[in-house]
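Below is a report on one protein chain. It works outward from single residues to the chain as a whole.

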Amino acid sequence: MPEPQQAAGRVPGADPETDAAATDGFELPADPDALGRLWTPYRMAYINAGQDQVKDEASCPFCSAPTRSDADALIVFRGETCFVNLNLYPYNPGHMMVLPYRHVPDYTDITVQETAEMGALAQKAMRVLRHVSKPAGFNLGMNQGQAGGAGIAAHLHQHVIPRWNGDANFFPIIAKTKAIPVVLGETLELMQRGWAEVE
């Protein structure tokens, strides 16, 4: 028998009657809301520093990634001008990024060769994800500048995010809690193996 919130087609917390059936009696003071809470204190170092933490190539995590091992930097593939790695804070399992090795902030800053390789690697990432985990769709995008939502605006990066029907909203902070059911190390091995298997 499905959980009460599934039968009602609602997210837990969205309806007091179904929420009561799915949770214990523990209560805290304050008005209840429909948001889940996923505590991630390890992100505070990034939040405190914000965009100011990346001042140049020496302080850029995307620039330092290729100098480390694939396992440490979560690198799926190294190309000639660009590389592919897993997002440390994925929206969904298999969330990859395509990045130029060069420390440039804007899409208009990259060369014709870098543009071509970024596009080819994004296409390959999609094929690998289809081969490995059969997503129903994708979000592909580049957030340009801090106002455009770039987490690290100083180094261009393109997101390749697999999507499944009913997987949850693209913006988990605005929506409910985002659960990632597989650890990054396992995802990395799966993506690297898929990369070798797919043309």
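Leaving out residues up to four places away in sequence, L129 touches G94, M96, K134, P135, F138, V160, P162 and M191. The model behind these contacts is predicted. L129 sits in helix α6. Its relative accessibility is 0%, so L129 counts as buried, the cut-off being under 20%. One of its partners, P162, is 33 residues away along the chain. The C-alpha atoms of L129 and P162 are nevertheless separated by 7.1 Å.

Another partner of L129 is K134. K134 belongs to the loop between α6 and β4 (137-141). At 62% relative accessibility, K134 counts as exposed, because the cut-off is over 50%. So a buried residue, L129, is in touch with K134, an exposed one.

**Positive phi**

K134 also has an unusual label in its backbone: phi is positive, about 50 degrees, although K134 is not a glycine. L74 is a further non-glycine residue with positive phi, here near 60 degrees. L74 lies in the loop between α5 (70-73) and β1. Are these two loop residues buried or exposed? L74 is buried, with a relative accessible area of 11%. K134 is exposed, at 62%.

**The cavity and T187**

How many cavities of 30 Å³ or more does the count give? The count comes to 1. The largest cavity has a volume of about 40 Å³. Its lining consists of 11 residues. P90, P93, G94, L184 and T187 lie nearest the centre of the cavity. By type, the lining divides into 6 nonpolar and 5 polar residues, with no charged ones.

T187 deserves a separate look. It is placed in helix α7. Its relative accessibility is 6%, so T187 counts as buried. Beyond its neighbours within four places in sequence, T187 is in contact with L86, G94 and V182. G94 is among the residues nearest the cavity centre, and G94 is also touched by L129. P93 is another residue nearest that centre. T187 and P93 are 94 residues apart along the chain, yet their C-alpha atoms are separated by 7.1 Å.

**Aromatic pairs**

Two numbers describe such a contact: a pair of aromatic rings is described by the distance of the centres and the angle of the planes. The search of the whole structure finds 2 aromatic pairs. F77 and W195 form a stacked pair, 5.2 Å centre to centre, with 20 degrees between the planes. This pair links distant parts of the chain, 118 residues apart. F77 is in strand β1 (residues 75-78), and W195 is in helix α7 (residues 184-197). F77 is partly exposed, with a relative accessible area of 30%. W195 is buried, at 6%.

Why does the pair of F83 and Y101 count as stacked? The ring centres are 5.3 Å apart and the planes stand at 25 degrees, so the pair falls under the 30 degrees cut-off. F83 lies in strand β2 (residues 82-86). Y101 lies in the loop between β3 (96-100) and α6 (112-133). The pair therefore ties together parts that are 18 residues apart in sequence. F83 is buried, while Y101 counts as partly exposed.

The four ring residues are listed here.

| Residue | Relative accessible area | Class |
|---|---|---|
| F77 | 30% | partly exposed |
| W195 | 6% | buried |
| F83 | 1% | buried |
| Y101 | 26% | partly exposed |

**The chain as a whole**

The chain holds 7 helices and 5 strands. From the N terminus on, its elements run α-α-α-α-α-β-β-β-α-β-β-α. Helix α7, the place of T187, also carries W195.

What share of the 199 residues is buried? Buried residues make up 34%. The chain exposes about 12,100 Å², of which carbon and sulfur atoms supply 56%. Take the contacts between residues at least 6 apart in sequence: 60% of them join residues at least 24 apart. Examples in this report with long sequence separations include the F77 and W195 pair, 118 residues apart. The contact of L129 with P162 spans 33 residues.

Definitions and conventions:
Residues are numbered from 1 along each chain as its sequence is written. This is a predicted model: local features need pLDDT of at least 70, side-chain atom pairs count only at pLDDT 80 or more; totals for chains, interfaces and linings use all residues. Side-chain values use heavy atoms; hydrogens and water are left out. On a 1 Å grid over the protein atoms alone, a cavity is a set of points where a 1.4 Å probe fits but cannot get out, and a pocket is an open set with protein on both sides within 12 Å along at least five of seven lines; lining residues have an atom within 4 Å of a point. Grid points are joined across faces, edges and corners, and a volume is the space filled by probe spheres set on the points. Ala, Val, Leu, Ile, Met, Phe, Trp, Tyr, Cys and Pro count as nonpolar, Asp, Glu, Lys and Arg as charged, and the others, Gly among them, as polar. Helices (H or I, at least four residues) and strands (E, at least two) are DSSP runs, numbered from the N terminus. Buried means under 20% relative accessible area, exposed over 50%, partly exposed in between (1.4 Å probe, protein chains only). Contact means heavy atoms within 4.5 Å. Accessible areas come from the Shrake-Rupley method with a 1.4 Å probe; for residues, only the protein chains shown count as cover. Rings of Phe, Tyr and Trp (its six-membered ring) pair if their centres lie within 6.5 Å; planes under 30 degrees apart count as stacked, over 60 as edge-to-face and the rest as tilted.
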